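Trainee: Could you take me on a close look at one part of this model, starting from a single pair of residues and working outward? I would like to see how the pieces around that pair fit together.

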Amino acid sequence: MHSPFALTVSANLDEDLKRLFDEAFPNECCGALFGSVGRDGDWHIDKAVGLTNCFGGDRTKAFAIAPQELSQAVRRERTYDLVGFFHSHPRGSHRPSIKDIAEAGPWPGYIQAIIASIDGKGPKPFFYFATADLWQPVPIRELILDD
Amino acid sequence: MIELSIPLPLRRYCNGAERVPLEPTTVGEALTQLIDKYPDIEPLLMAPDGGLRPFVNIFVSGEDIRLRDGLETDLKSTDELEILPAIAGGSEALERDRPASDGVSLVTPDECDASSDNPVLIDVRTDEEWRLGYIPNAEHIDRGFLELRIDQVVADKTRMIVCYCQSGVRSKLAAQTLINMGYGRTVSLDGGIERWKAEGRNLEVPPRVSDEMAARYQRHLTIPEVGAEGQVKLANARVAVIGMGGLGCPVSTYLAAAGVGHIGLVDDDDIDLSNLQRQFLYTPDMVGRSKAMSAEAELARFNPTISFQPLKARLDDGNIRDIFESYDLIVDCTDNFTARYLINDEAVHQGKPVVHGAVYRFDAQVSVFGLDDGPCYRCFLPEPPPPELAPSCADAGVLGVLPGVAGLLMATEAIKVIVGFGEALSGRMLCYEAKSGSVREVKFPRDPNCSVCSERQNAFAADQSEV
């Protein structure tokens, strides 16, 4: 799976992710990103679906996506592909934590979004392409808002 | 026909297919057919032991197969089959503004060897990498399980830990994780196992299990505390079950099921109709036949891959030494004090642990004697009680299911001792009382003046101090 050289997102994705950040605050929100990968290799995210953070401990610092809910969401959104996941860092950093990288699942090649509020400027999503040992930021210039 | 949905990151292993048509009757068959068609996908889904990799979830028509029969879950032609990853993470241990592993010190293989701190080597690579060879005496914890399992491997947070991986990249991240968790003396092996090998150092290769073993004991192999190494230990273990009555039946059955490779079945009794209330290996048509021989025939049918040594004999001073010499672990399933003391004394003499169990009406008790520096049966009970206070099962009676309860706990303790996980019931007697449904634990120390084990224990202590 090559890294996305162009990522576009639907116009309301930003707002949806910010809303999910706020609704879960101070806990971490989490969920799945649905969209498509075109024949030319361009990635597009159509929608974010919030899923229950079922982490057994302090949910202000960690998350786990409820597997059954993920399966239900995939079945419900079957017109799209599951292209990645998102979660929030309510305490500020937009960078992936070691825990994020270590537990991002068994296969490299998903988009991962972290929603964080930097310097109190309000929540904002940051997109990464997850590989085995690190998450490569998808540069902003490649992030085109799709009307 | 069933269509298996392929997750986006795995499609490149399947010629880009989003769905693959298959004709399976179970989930396991579906995966086998998928792998036959696209062999490159196997390591992404399956662990070397034949189970699913951690973080791989499979759903049949929206239901997690772990809630059904796992890989043996039946499939109907109308079912939808999905593979999805388990996803977790979080902001805990944030990298902040510096690379994750900048604070991690590196050690060379020479420094690791020369360290006077007796560091614990932790191999954080995947199962597949581990199986190709590891640094001698290293512990394996896949990086995905590091936070979950580290406290089982290293209880002392002040202990020095050396993490390593293939080339030294992942182990720096892993070491940082451990430092963040409070293991402040964690370092990373510079250059990983590649450098270790390049400098001409030895590697060890973990024991391999056959395909048949992998299939039969798959549920064991997926438990990190057992795994292939534990299963090989079970296969090589030699266990004598003394007494093939109410306790011996469940003990021998579960040890056979678990794959204990050599099981001695010792009893000189013949089957009596009154045994059938609890001794489930025997049926009415076997009444009058030897328990040891009949049990062997039943158990061999149950697990034909292991060996049994039935012996129709009553233990006595003349035969016990020879019998015990063939075994590493004794399971005392006898029903009288004479036999228990005879077993204890010879086992102490030969330095072999004894898993003990006893039942009386509604009471069951289980313990492990003579394990390492733990107490023996005589430390617990120096002399037999007077006969009037210790009636046999035949005189006092026993609830038929009680030997089953005790026997399964005994088999569990035997497996723990053989594989070496958890805390054996050494110096502790687990007491179950069926009428109230309560369990309590009685602790007892080793008796430094024990007439049987004190001499041997002193020798053991001397051996330990020389290590």
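**A sheet seen from its middle**

Mentor: Happy to! Let's start with B:Ala240, whose bridge partner in β15(B) is B:Ile330. Keep in mind as we go that this is a predicted model. The pair belongs to a longer match: strand β12 (residues 238-242) of chain B and β15(B) run parallel and are joined by four bridges.

Now look along β15(B) itself, which covers residues 329-332. B:Leu329 and B:Val331 point to one side of the strand, while B:Ile330 and B:Asp332 point to the other. Which of these four are buried? All of them are, B:Asp332 included.

On to the next neighbour. Strand β16 (residues 354-360) of chain B runs parallel to β15(B), with three bridges between the two. Here B:Val331 finds its bridge partner in B:Val355. To get from β15(B) to β16(B), the chain passes through helix α14 (residues 337-350) of chain B, and the resulting β-α-β crossover is right-handed.

With those strands placed, step back to the whole sheet. It is an open sheet of eight strands in chain B, in the order β14-β13-β12-β15-β16-β17-β18-β19, and its pairing is mixed. At the edges sit β14 (307-311) and β19 (438-443) of chain B, each of which pairs on one side only. Ignoring direction, neighbouring strands are turned against each other by 15 degrees on average. As a reminder, strands of a sheet pair through backbone hydrogen bonds, either parallel or antiparallel.

Follow the sheet toward the β14(B) edge. Strand β13 (residues 262-266) of chain B pairs with β14(B) in the parallel sense, over five bridges. Within that match, B:Ile263 has B:Phe308 as its bridge partner in β14(B). Helix α12 (residues 291-302) of chain B packs on the sheet here, touching β13 and β14 of chain B, and its direction makes about 165 degrees with that of β14(B). Another helix of chain B, α17 (residues 402-419), also packs on the sheet. Its contacts are with β12, β15, β16, β17 (363-369) and β18 (428-433) of chain B, and its direction makes about 15 degrees with that of β17(B). Both strands of our starting pair, β12(B) and β15(B), are therefore among those that α17(B) touches, as contact here means heavy atoms within 4.5 Å.

Let's continue past β16(B), into the loop that leads to β17(B). This is where B:Arg361 sits. Its phi is positive, about 50 degrees, although it is not a glycine. Most residues other than glycine have a negative phi. Is B:Arg361 buried, exposed or something in between? Its relative accessibility is 40%, so it counts as partly exposed, since that class lies between the 20% and 50% cut-offs.

B:Arg378 is another arginine worth a stop. It is found in helix α15 (residues 377-380) of chain B. At 14% relative accessibility, B:Arg378 counts as buried, because the value is under 20%. What does B:Arg378 touch, leaving out residues up to four places away in sequence? The list is B:Tyr341, B:Asn344, B:Asp345, B:Glu383, B:Cys450, B:Ser451 and B:Val452.

For a counterpart, turn to B:Asn137, in the loop between α4 (127-131) and β9 (139-140) of chain B. B:Asn137 has a positive phi of about 70 degrees and is not a glycine. With a relative accessible area of 69%, B:Asn137 is exposed, because the value is over 50%.

Finally, put the sheet in its setting. Chain B has 18 helices and 19 strands. Of its 467 residues, 51% count as buried. Among contacts in chain B with a separation of 6 or more, 65% are between residues 24 or more positions apart. The chain exposes about 21500 Å², of which carbon and sulfur atoms supply 49%.

Chain B also holds an open sheet of five strands, β2-β1-β5-β3-β4, again with mixed pairing. Its edge strands are β2 (19-22) and β4 (63-64) of chain B. There, β3 (residues 56-60) and β4 of chain B run antiparallel and are joined by two bridges, with B:Phe59 opposite B:Asp64. Chain A comes in at this point: its helix α2 (residues 67-76) packs on that sheet and touches β3, β4 and β5 (81-85) of chain B.

Note on methods
Residues are numbered from 1 along each chain as its sequence is written. Chains are lettered from A and ligands numbered from 1 in the order in which they are written. This is a predicted model: local features need pLDDT of at least 70, side-chain atom pairs count only at pLDDT 80 or more; totals for chains, interfaces and linings use all residues. Side-chain values use heavy atoms; hydrogens and water are left out. Buried means under 20% relative accessible area, exposed over 50%, partly exposed in between (1.4 Å probe, protein chains only). Two strands pair if DSSP finds at least two bridges between them. A crossover is right-handed if, with the strands pointing away from the viewer, the path from the first strand over the helix to the second runs clockwise. Axes are lines fitted to C-alpha atoms, for helices over the stretch in contact, and angles run from 0 to 180 degrees between N-to-C directions. Accessible areas come from the Shrake-Rupley method with a 1.4 Å probe; for residues, only the protein chains shown count as cover.
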